[in-house]
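Me: I would like to go through this model and ask, term by term, what justifies the words used to describe it.

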Amino acid sequence: MTTTPTPTTLKTGHVGLNVTDLARSIDFYRAALGLDLQAQGAEEGRRWAFLGRDGHPLVTLWQQSDGRFPTERPGLHHLSFQVETIAEVQTVQATLRALGVEFAYDGVVPHGEGVTSGGVFFTDPDGIRLEVYAPTGVDVVAVPVSGAPTCGFF
């Protein structure tokens, strides 16, 4: 059996999301997560936008969908963004509340029983499930749900 060499470095470049209303989604991701609009295409039938930070694209939005994100079908489960501290998670949560965002749980949720990582789980305007989490610090905040559901089950 022949082994194919693997790349020495491999990391996610950006995630492409289909959206129904590009302008609404750009506004949401900029307001909710502080992403910068890095590039945009406005040609009829080919509308898209790159959003990111510090010159690095994180999300590409493609206006080529109708309806809401179907969580019952194979594909993207959720998109997660890591921040450094639980205080940052709580700041994002306050921003999201002010925007009227729909949360899966009310508050910061640990990633499992007895772990210190966790975050907030919510949806974008098209129903795409999102998470903002910190790798540590959940043990210092009150959790909203007993039994500590994990991010894979919302």
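Me: How much area does the protein chain expose, and what share of it do carbon and sulfur atoms supply?

Reply: In this predicted model, the protein chain exposes about 9,100 Å², of which 52% is supplied by carbon and sulfur atoms. Of its 154 residues, 38% count as buried.

Me: How do you know what confidence the predictor attaches to the protein chain?

Reply: The average pLDDT of the protein chain is 88, on a scale that runs from 0 to 100, and 90% of the residues score at least 70. Among the elements, α1 has the highest mean, 97, while strand β6 (residues 109-110) has the lowest, 86. As a general caution, predicted coordinates should not be read in detail where pLDDT is low.

Me: What pattern of helices and strands does the protein chain follow?

Reply: The protein chain has 2 helices and 8 strands, and along the sequence they follow the pattern β-α-β-β-β-β-α-β-β-β.

Me: Why is Arg24 with Asp126 called a salt bridge?

Reply: The closest N and O atoms of Arg24 and Asp126 are 2.9 Å apart, and the cut-off between a side-chain nitrogen of Lys or Arg and a carboxyl oxygen of Asp or Glu is 4 Å, so the pair qualifies. This salt bridge links distant parts of the chain, since Arg24 lies in helix α1 and Asp126 in the loop between β7 and β8, 102 residues apart. The partners also fall into separate accessibility classes: Arg24, with a relative accessible area of 35%, lies between the limits of 20% and 50% and is therefore partly exposed, whereas Asp126, at 4%, is under 20% and therefore buried.

Me: What makes Arg97 and Asp106 a salt bridge, and how many salt bridges does the rule give?

Reply: The N to O distance between the side chains of Arg97 and Asp106 is 2.3 Å, which is within 4 Å, so this pair also meets the rule; the count comes to 2 salt bridges. Arg97 is partly exposed at 44%, and Asp106 is exposed because its 54% is over the 50% limit.

Me: Which residues have the most contacts inside the largest nonpolar core, and which element gives the most to this core?

Reply: The largest nonpolar core has 30 residues, and those with the most contacts inside it are Tyr29, Leu33, Leu61, Phe122 and Val132. Elements that give two or more residues to this core include β1 (15-19), α1 (22-33), β4 (56-63) and α2 (86-99), and α1 gives the most, with 6 residues. Leaving out residues up to four places away in sequence, Tyr29 touches Leu17, Gly34, Leu35, Leu51, Leu61, Asp124 and Leu130.

Me: Why is Asp124 called buried?

Reply: Asp124 has a relative accessible area of 4%, which is under 20%, and therefore it counts as buried. Asp124 is found in the loop between β7 and β8, and apart from its neighbours within four places in sequence it is in contact with Phe28, Tyr29 and Leu130. The C-alpha atoms of Asp124 and Val19 are separated by 9.6 Å, although the two residues are 105 apart along the chain.

Me: What is unusual about the phi of Asp54, and is Asp54 buried or exposed?

Reply: Phi of Asp54 is near 50 degrees, a positive value in a residue other than glycine. Most residues other than glycine have a negative phi. Asp54 is in the turn of the hairpin formed by β3 and β4, which have 2 residues between them, and its relative accessible area of 79% is over 50%, so Asp54 is exposed.

Me: How do you know which strands pair with β4, and in which sense?

Reply: At least two bridges are needed for strands to pair; β3 and β4 have 6 and run antiparallel, with Gly52 opposite Pro57, and β1 and β4 have 5 and run parallel, with Asn18 opposite Trp62.

Me: What makes β5 and β6 edge strands?

Reply: The open sheet of 4 strands has the order β5-β8-β7-β6 with mixed pairing, and β5 and β6 are its edge strands, as each pairs on one side only. The pairing of β5 with β8 is parallel, over 4 bridges, and Phe81 stands opposite Val132 in β8.

Notes. Residues numbered from 1 in each chain as written. Predicted model: local features only at pLDDT ≥ 70, side-chain atom pairs only at ≥ 80, totals over all residues. Heavy atoms only, no water. Core = buried A, V, L, I, M, F, W, Y, C linked by side-chain atoms within 4.5 Å. Buried < 20%, exposed > 50% of the residue type's maximum accessible area, 1.4 Å probe, protein only. Contact = heavy atoms within 4.5 Å. Areas by Shrake-Rupley, 256 points an atom, 1.4 Å probe, with all protein chains shown as cover.
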